[in-house]
Amino acid sequence: MIKPTIQLKDLDKNDIRVGKIVTVFDVTSSDKLVGLDVDFGDFKRTILVGMKAERKNPKAEIEGTQALFVVNLEPKKMFGIESHGMLFDIGYANGITPVLAIPEKKVPNGTKAG
């Protein structure tokens with residue numbers, strides 16, 4: 001089912017950027033979350049992602065990879081760590097194992113999508 005139609009100005013509220021996943025670390029008190037230290041060029045963020053159940057070794061699989069992130073979400077504290085954004089993945093809403101939304105070739109960290 002397609003979501004309701006929105007206006008372009010609503011889409012413009014989202015700040016989606018390319019970031020390089022510099023470090024993947026375990027959130028030991030969580031059975032779902034890993035932490036990502038992400039480089040967006042002019043700034044860096046820690047972003048928590050629920051991918052422990054989806055990947056055998058998130059560190060080996062995604063560390064060093066560029067991906068898309070929503071960077072203007074309100075920070076959320078989970079398990080004592082403040083998350084400053086959201087990984088933009090593909091598949092979760094469809095009930096399939098999510099994959100990263102990645103640029104087809106390397107672009108500068110912080111490049112905006114849209």
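Which residue of β2 is the bridge partner of Val24? Leu36 is that partner, and the views below start from the whole chain and work their way back to this pair.

**View 1. The whole chain, a predicted model with 2 helices and 9 strands.** This is a predicted model, in which local features need pLDDT of at least 70, side-chain atom pairs count only at pLDDT 80 or more, and totals for chains, interfaces and linings use all residues. Residues are numbered from 1 along each chain as its sequence is written, and side-chain values use heavy atoms, with hydrogens and water left out. Helices (H or I, at least four residues) and strands (E, at least two) are DSSP runs, numbered from the N terminus. Read from that end, the elements follow the order α-β-β-β-α-β-β-β-β-β-β. The C-alpha atoms fill a box of roughly 40 × 35 × 30 Å along the principal axes. For 114 residues, a compact globule would have a radius of gyration near 13 Å, and the 14 Å of this chain agrees with that; the radius is taken over C-alpha atoms, and the globule rule is 2.2 Å times the number of residues to the power 0.38.

**View 2. The surface and the contacts of the chain.** The accessible surface comes to about 7800 Å², and carbon and sulfur atoms hold 53% of this area. Accessible areas come from the Shrake-Rupley method with a 1.4 Å probe, and for residues only the protein chains shown count as cover. Buried residues make up 32% of the 114, where buried means under 20% relative accessible area, exposed over 50%, and partly exposed in between (1.4 Å probe, protein chains only). Of the contacts (heavy atoms within 4.5 Å) with a separation of 6 or more, 56% are between residues 24 or more positions apart.

**View 3. The open sheet, in the order β3-β2-β1-β4-β7.** Here 5 strands come together with antiparallel pairing. β3 and β7 (86-87) stand at the edges with a single partner strand each, so one side of each is left without a neighbour in the sheet. Two strands pair if DSSP finds at least two bridges between them.

**View 4. The hairpins of β1, β2 and β3.** Let us return to the opening pair. β1 and β2 form a hairpin with 6 residues between them, and they pair in the antiparallel sense over 6 bridges, with Val24 and Leu36 as bridge partners. On to the next hairpin: strand β2 (residues 33-39) and strand β3 (residues 44-50) run antiparallel and are joined by 7 bridges. Val34 stands opposite Val49 in β3. This hairpin has 4 residues between its strands, and Gly41 takes a positive phi near 85 degrees.

**View 5. Strand β4 and its partners β1 and β7.** Strand β1 (residues 16-26) and strand β4 (residues 66-70) pair in the antiparallel sense over 5 bridges. Take a walk along this pairing: Arg17 has Phe69 as its bridge partner, Val18 has Leu68, and Gly19 stands opposite Ala67. β7 is joined to β4 by 2 bridges, also in the antiparallel sense, and here Phe69 stands opposite Leu87. β4 itself is mostly covered, with 5 of its 5 residues buried. Gln66, Leu68 and Val70 point one way from the strand, while Ala67 and Phe69 point the other way.

**View 6. Thr46 in strand β3 and its neighbours.** Thr46 counts as partly exposed, at 22% relative accessibility. Leaving out residues up to four places away in sequence, Thr46 touches Phe25, Leu36, Asp37, Ile81, Glu82, Ser83 and His84. Ala60 is 14 residues apart from Thr46 along the chain, and their C-alpha atoms are separated by 18 Å.

**View 7. Two loop residues, Gly64 and Phe79.** Gly64 has its place in the loop between α2 (58-62) and β4, and at 44% relative accessibility Gly64 counts as partly exposed. Gly64 and Ile21 are 43 residues apart in sequence, yet 5.2 Å apart in space, C-alpha to C-alpha. Not counting residues up to four places away in sequence, Gly64 touches Lys20 and Ile21. Phe79 lies in the loop between β5 (76-78) and β6 (81-83). Its phi is near 55 degrees, a positive value in a residue other than glycine, and Phe79 is partly exposed at 48% relative accessibility.
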